[in-house]
Structure formats: C-alpha cells, structure tokens
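The following paragraphs lead the reader through selected features of a structure. Please keep the sequence and the coordinates in view while reading.

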Amino acid sequence: MIELRHVSKTYHSDGGIVRALQDVSLVIERGEFVAIIGPSGSGKSTLMHIIGLLDRPDKGSLYISGDEMSVLNDNDIAAIRNIRIGFVFQQFYLIPRMTAVQNVLLPVVYSGRKCELSAVERVISRVGLERRMEHRPNQLSGGEQQRIAIARALINDPGIILADEPTGNLDSKNQAEILRMLRELNSLGKTVVLVTHDRDIANNADRVIEMKDGEIVKDSKVSNLSRSQSECVQPDKASSSVDVRRELNIGAYLYQAFSSIATHKMRSFLSVIGVLIGVASVISMMAITTGASESIKKSLASLGSNLLSVRPGHA
C-alpha cells in the first residue's frame with residue numbers, strides 16, 4: 001500500500017515560487033491500477049517522483065507497505081527504490097552501449113543481488129523480445145525500446161510499477177501493446193501507477209485521479225473496463241520477498257567496466273594512449289631536471305673546490 005499524508009512540495013525558479021503539490025493526501029491500495037491525469041504543471045509528475053522516492057516532500061509523510069520513508073537515509077531509500085519499485089519512463093533511458101540483456105540486468109547489478117542469465121531471458125521473453133536480446137537500443141524500434149524498459153523495471157520483481165507517460169513517444173499500435181502489458185502486470189498483483197495527460201489512456205486504469213494546480217480535484221473509479229484475457233507468466237514465488245540490504249558486488253562492477261571498454265574500442269585506445277603520453281612526459285621532465293642538476297654539480301666540482309662561500313662586505 002502507498003499512502004501520502006498532507007504532502008507538499010515547493011520549487012524555487014526564476015519566475016518565483018512554484019507550489020507543485022499542496023497538502024496532498026492519497027492512499028493507493030496494493031494491486032490497484034491507478035492513472036494520474038492532469039494538464040502540464042498540475043503536479044502529476046512531481047507526485048509520481050515522490051511516490052517513486054526520486055524526490056522528498058517539503059512537508060508531510062510517505063508510507064510504503066506501512067514503512068515511513070522520511071526516516072530512512074539516502075542509501076536505504078536507494079535500495080528500496082531499486083528493489084520495490086520499477087520505473088517506466090517516456091524517454092526509455094536505455095544505455096546505448098549496452099545490449100537489451102545488459103540494460104535489463106542493470107538494476108540487479110546495482111542491487112548487489114545475483115541473477116542467472118536465464119532469469120533475464122525469461123523477463124525479456126515475457127515482453128515478447130526473446131529474438132532481440134543482443135540488440136542495442138539503436139537497433140530497436142520505439143515500441144521495442146519501451147518493452148525493454150518494462151523488462152528492466154520487472155527484473156527485480158517489484159511490487160510497484162510507476163509509468164510516467166510510457167506511451168507518449170509511441171504510435172497507436174505500440175500504445176495499445178504497452179497498455180496491454182501494464183494491465184497484464186496488474187492482473188499479476190502488481191500495483192501500477194500511470195501518469196498521463198490523455199483521458200483515453202487513463203480510462204484503461206481502474207481508478208483515475210485528476211490533478212490541477214498541485215491538488216487532487218477528483219478521484220473516481222472507472223467502470224466497464226474491458227481487460228485482456230491473455231495468459232500471463234506467473235512470477236517466481238521465491239522472489240516475492242526481497243531484503244533491501246545491498247552487498248558490494250565487485251565482479252558485477254568490473255563486468256560493467258570492461259563491457260564499456262569493449263564497446264568503445266577506439267575511445268578506450270585513445271584514452272590509453274593519452275595516459276601513456278602523459279606518464280611519459282612526466283618521466284621525461286623528471287629525467288631532464290635530474291640530469292641538469294647533476295650537470296651543475298659537476299661544473300662546480302671542476303672549479304677545484306667542493307665549497308663555495310659568499311660573504312657580504314668584501315671586495
């Protein structure tokens with residue numbers, strides 16, 4: 001369950017103070033499919049960012065599954081955000097140098113958990129892209145990129161899925177497919193919160209929350225909603241409970257580092273050459289300085305005396 005109690009959020013801009021949220025109280029029950037709708041600047045994205053622990057409220061409290069988030073430190077917040085919440089954004093935010101499998105695996109790397117490749121493949125197969133696993137984002141269509149983003153959101157089996165305008169950059173066919181997938185996830189018991197400005201898209205949810213000027217102006221149920229009856233893959237029961245504690249996974253981090261090097265071979269080669277030239281320059285300057293010092297010492301020694309005294313007042 002997600003509960004907000006008298007949440008307010010204010011931003012300071014060149015135009016003055018922007019009250020993004022004003023004393024918002026809201027309860028989203030576990031397993032609900034909720035759409036948050038409103039015009040630009042109504043506060044719907046700010047509300048989603050606070051629910052998703054991407055931002056903290058200035059006033060009020062946020063509870064997730066009964067736990068108050070305001071008393072947690074940044075590391076605990078990051079762990080909960082990574083494991084309990086899955087994000088689907090309008091812009092996809094896939095890493096260009098990584099394949100579909102590597103992008104989906106990324107939340108697991110940061111959580112410090114172990115994950116078999118077969119589990120990643122099952123999640124990608126669930127979104128229908130089992131034949132595109134080794135493709136990079138620039139080799140995928142917009143709809144395929146969004147489906148990979150959904151697979152990435154599902155890899156840690158979170159209980160909450162937050163979708164911020166997930167169909168904004170897609171055509172009508174892909175929009176319908178993404179909405180079908182969100183409904184499918186909701187039928188598996190996941191809480192889905194969809195942010196949109198489109199009334200038709202919002203009507204795919206069970207409940208619509210309308211916002212204006214940082215306030216909730218209407219909260220209504222959607223009736224007569226036709227849902228897909230397609231068969232869904234059930235999630236693994238063992239992954240339903242997740243410990244938010246994270247362990248350092250050096251091997252995973254090294255894998256990401258070497259993967260980046262291998263992907264950008266020319267850039268990595270030039271970087272190595274630049275480092276070698278820099279080190280060689282420092283060593284050369286030190287050698288020249290040492291050689292000049294020894295040369296001066298030898299010149300002084302050739303004068304016949306190892307000691308030169310300079311005293312003032314003598315002609």
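The model is a predicted one, and the account begins at Met-266, which is located in helix H9, the element covering residues 265–301. With a relative accessibility of 57%, Met-266 is classed as exposed, because the threshold for that class is over 50%. Met-266 contributes to a nonpolar surface patch of about 700 Å², whose other members are Phe-269, Leu-270, Val-272, Ile-273, Leu-276 and Ile-277.

Helix H5 offers another case for the analysis of accessibility. Of its 13 residues, 12 are buried, and H5 is therefore largely enclosed by the rest of the structure. The buried residues of H5 include the charged side chains Glu-144, Arg-147 and Arg-152; Gly-143, Gln-145, Gln-146, Ile-148, Ala-149, Ile-150, Ala-151, Ala-153 and Leu-154 are buried as well. The length of the helix can also be checked. H5 comprises residues 142–154, and a rise of 1.5 Å a residue leads to an expected span of 18 Å; the C-alpha atoms at its ends are 19 Å apart, which agrees with that expectation.

The discussion now turns to the aromatic side chains. How many aromatic pairs does a search of the whole structure find? The search returns 2. In one of them, the ring centres of Phe-87 and Phe-89 are 5.7 Å apart and the ring planes stand at 0°, so this pair is stacked; planes under 30 degrees apart are assigned to that category. Phe-89 also pairs with Tyr-93, here in an edge-to-face arrangement with 5.4 Å from centre to centre and 80° between the planes. Phe-87, Phe-89 and Tyr-93 thus make up one aromatic cluster. Within this cluster, Phe-87 and Phe-89 are both buried, whereas Tyr-93 counts as exposed because its relative accessibility is 53%.

The backbone around Tyr-93 also deserves attention. Tyr-93 is placed in the loop between E6 and H3, and Phe-92 is found in that loop too, between strand E6 (85–89) and helix H3 (100–111). Most residues other than glycine have a negative phi. Phe-92, however, has a positive phi near 75°, and Tyr-93 likewise has a positive phi, near 55°. Is Phe-92 buried or exposed? Phe-92 is buried, since its relative accessible area is 10%, while Tyr-93, at 53%, counts as exposed.

A further contact involves a ring and a charged side chain. Arg-5 lies over the face of Tyr-63, at a distance of 4.2 Å from the ring centre.

Notes. Residues are numbered from 1 along each chain as its sequence is written. This is a predicted model: local features need pLDDT of at least 70, side-chain atom pairs count only at pLDDT 80 or more; totals for chains, interfaces and linings use all residues. Side-chain values use heavy atoms; hydrogens and water are left out. Patches are made of residues with over 30% relative accessible area and no salt bridge: like charges are joined within 9 Å, nonpolar side chains (Val, Leu, Ile, Met, Phe, Trp, Tyr) within 5 Å. Accessible areas come from the Shrake-Rupley method with a 1.4 Å probe; for residues, only the protein chains shown count as cover. A salt bridge is a side-chain nitrogen of Lys or Arg within 4 Å of a carboxyl oxygen of Asp or Glu. Helices (H or I, at least four residues) and strands (E, at least two) are DSSP runs, numbered from the N terminus. Buried means under 20% relative accessible area, exposed over 50%, partly exposed in between (1.4 Å probe, protein chains only). Rings of Phe, Tyr and Trp (its six-membered ring) pair if their centres lie within 6.5 Å; planes under 30 degrees apart count as stacked, over 60 as edge-to-face and the rest as tilted. A charge sits over a ring if NZ of Lys or CZ of Arg is within 6 Å of the ring centre and within 35 degrees of the ring normal. The expected span of a helix is 1.5 Å times one less than its number of residues.
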